[in-house]
Protein chains: 2
Amino acid sequence: MAYQESLAALADPTRRAVYEALVRGPKPVGGLARGVDVSRPAVSQHLKVLREAGLVGVKPKGASNIYHAEKDGLVALKRYLDGLWGDVLQAFADEIEREKDD
Amino acid sequence: MAYQESLAALADPTRRAVYEALVRGPKPVGGLARGVDVSRPAVSQHLKVLREAGLVGVKPKGASNIYHAEKDGLVALKRYLDGLWGDVLQAFADEIEREKDD
DNA sequence: ACTTACCGTAAGTCATGGCTTACCAAGAAT
DNA sequence: ATTCTTGGTAAGCCATGACTTACGGTAAGT
C-alpha cells in the first residue's frame, strides 16, 4: 500500500511484465506464467509481492486463482511522484531566481 | 531516460533518499553524503545510476560537483504510470460490464 | 610548490532476492 | 474414488548489486 513497495515491486522486469499483463485484464496464475519465461512458482512469488504492494488482488474461482490489477498501489505511487514533481518544479524556479544574481 | 531505469533507480531506499535531497535543491556530493549513512563513494555510485536514468544532472563548480534534479527521468516515469492508470481504469470498466452477465 | 578539500573509479566482500525443483493442498473431472 | 488440473510454499542455488577501503586526479588555499 505504501509507494515504496510499489516502486520495489515494479522495478523488477519480469514482475513488471506480470503486472502489465494483469493491467490488460484479469488472468489466472497459469495464464500469467505462460506469458513470461519463468516457472509458475516464480510467478506465484511475484504475485505475492505485487499483492503486498496493493498493485493486484485475487479472487478464487474454483480451483484457479484469478488475479486482477488493483488501484491502491498505483495511486500511492502516482501521488508520491506528483509530490516529487512539484518539488522539482520549485527547485527549478529557485534556480532561475538564483541566476539573476550575476 | 527510459522509465525502466527511473523505476530501478528509485527502488533503492538510500538512492531514493539521495534523490529526494536533490529534489529540494542542488547539492555537492559531500553534502549529500552527510545526509545519508553510507560512505561518500557509495553516494557517488548512486549518483551515477540516477544520472543515467535522467533523474539528476551535474554542474562542476570549481573542485566540487553540484548535482541537481533533472526533469527527464521523472517525466518518463510519470508518463509510464499514467499509461498504466488508463489501462487499469479500462480493465475496471470491462469488469463492470462483465458483471452484468449474471 | 605543497598541502588540503572534493570527488570519481577499482577491487573485493557480502547480503538480498529472483529462480528452480520438490512437495503439498484443494477443487474438477471422469 | 481416483486422477488431473491449479497453485501456494519450502529449500537451496546463484547472480546481482550495494557497500567498503584504497587509490588517483583536479582545483583551491596557504
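Student: Is H46(A) buried or exposed?

Tutor: In this predicted model, H46(A) counts as buried because its relative accessibility is 14%, where buried means under 20% relative accessible area, exposed means over 50% and partly exposed lies in between, with a 1.4 Å probe and protein chains only.

Student: Before we go on, how is the model numbered, and which residues count?

Tutor: Residues are numbered from 1 along each chain as its sequence is written, while chains are lettered from A and ligands numbered from 1 in the order in which they are written. Local features need pLDDT of at least 70 and side-chain atom pairs count only at pLDDT 80 or more, whereas totals for chains, interfaces and linings use all residues, and side-chain values use heavy atoms, with hydrogens and water left out.

Student: OK, where is H46(A) found, and what is it in contact with?

Tutor: H46(A) is found in helix α4 of chain A, with helices (H or I, at least four residues) and strands (E, at least two) taken as DSSP runs numbered from the N terminus. Leaving aside neighbours within four places in sequence, H46(A) is in contact, meaning heavy atoms within 4.5 Å, with D12(A), T14(A) and R15(A). The side chains of H46(A) and T14(A) also make a polar contact at 3.0 Å; a polar contact is a pair of N or O atoms within 3.5 Å, and within protein one must be able to donate a hydrogen and the other to accept it, with residues adjacent in sequence counting only if both atoms are side-chain atoms.

Student: And which residues come nearest to DNA strand C?

Tutor: There are 22 residues around DNA strand C, and S39(A), H46(A), G30(B), S44(B) and Y67(B) come nearest, where near means that a heavy atom of the residue lies within 4 Å. Of the strand C atoms that come within 4 Å of the protein, sugar and phosphate account for 57%.

Student: Which side chains have an N or O atom by a phosphate oxygen of strand C?

Tutor: Among them, H46(A) has a side-chain N or O atom 2.2 Å from a phosphate oxygen of DNA strand C, and for S44(B) that distance is 2.5 Å. R15(A) has a polar side-chain atom 2.9 Å from a phosphate oxygen of DNA strand C.

Student: What classes of residue make up that surface?

Tutor: The surface near DNA strand C divides into 9 nonpolar, 10 polar and 3 charged residues. Here Ala, Val, Leu, Ile, Met, Phe, Trp, Tyr, Cys and Pro count as nonpolar, Asp, Glu, Lys and Arg as charged, and the others, Gly among them, as polar.

Student: Switching to DNA strand D, which residues come nearest there?

Tutor: Of the 22 residues around DNA strand D, the nearest are G30(A), S44(A), N65(A), S39(B) and H46(B). A polar side-chain atom of H46(B) lies 2.2 Å from a phosphate oxygen of strand D, and for S39(B) the separation is 2.6 Å. R40(A), by contrast, has a side-chain N or O atom 3.1 Å from a base nitrogen of DNA strand D.

Student: Which elements give two or more residues to that surface?

Tutor: They are α3 (29–34), α4 and β3 of chain A, together with α2 and α4 of chain B.

Student: How many residues of α2(A) are buried?

Tutor: In α2(A), 8 of the 11 residues are buried, so this helix is largely enclosed by the rest of the structure. The buried ones include R15(A), R16(A) and Y19(A).

Student: Where does Y19 come in when you look at the nonpolar core?

Tutor: Y19(A) and Y19(B) have the most contacts inside the largest nonpolar core, which has 52 residues; such a core is a set of buried Ala, Val, Leu, Ile, Met, Phe, Trp, Tyr and Cys residues joined through side-chain atoms within 4.5 Å. Not counting residues up to four places away in sequence, Y19(B) touches residues including L84(A), V88(A) and L74(B).

Student: L74(B) is in α5(B), so how far does that helix reach?

Tutor: Helix α5 of chain B, residues 71–99, has 29 residues and reaches 42 Å from its first C-alpha to its last, close to the 42 Å expected, which is 1.5 Å times one less than the number of residues. L74(B) is one of the buried residues of α5(B), and those buried residues pack against α1, α2, β3 and α5 of chain A together with α1 and α2 of chain B.
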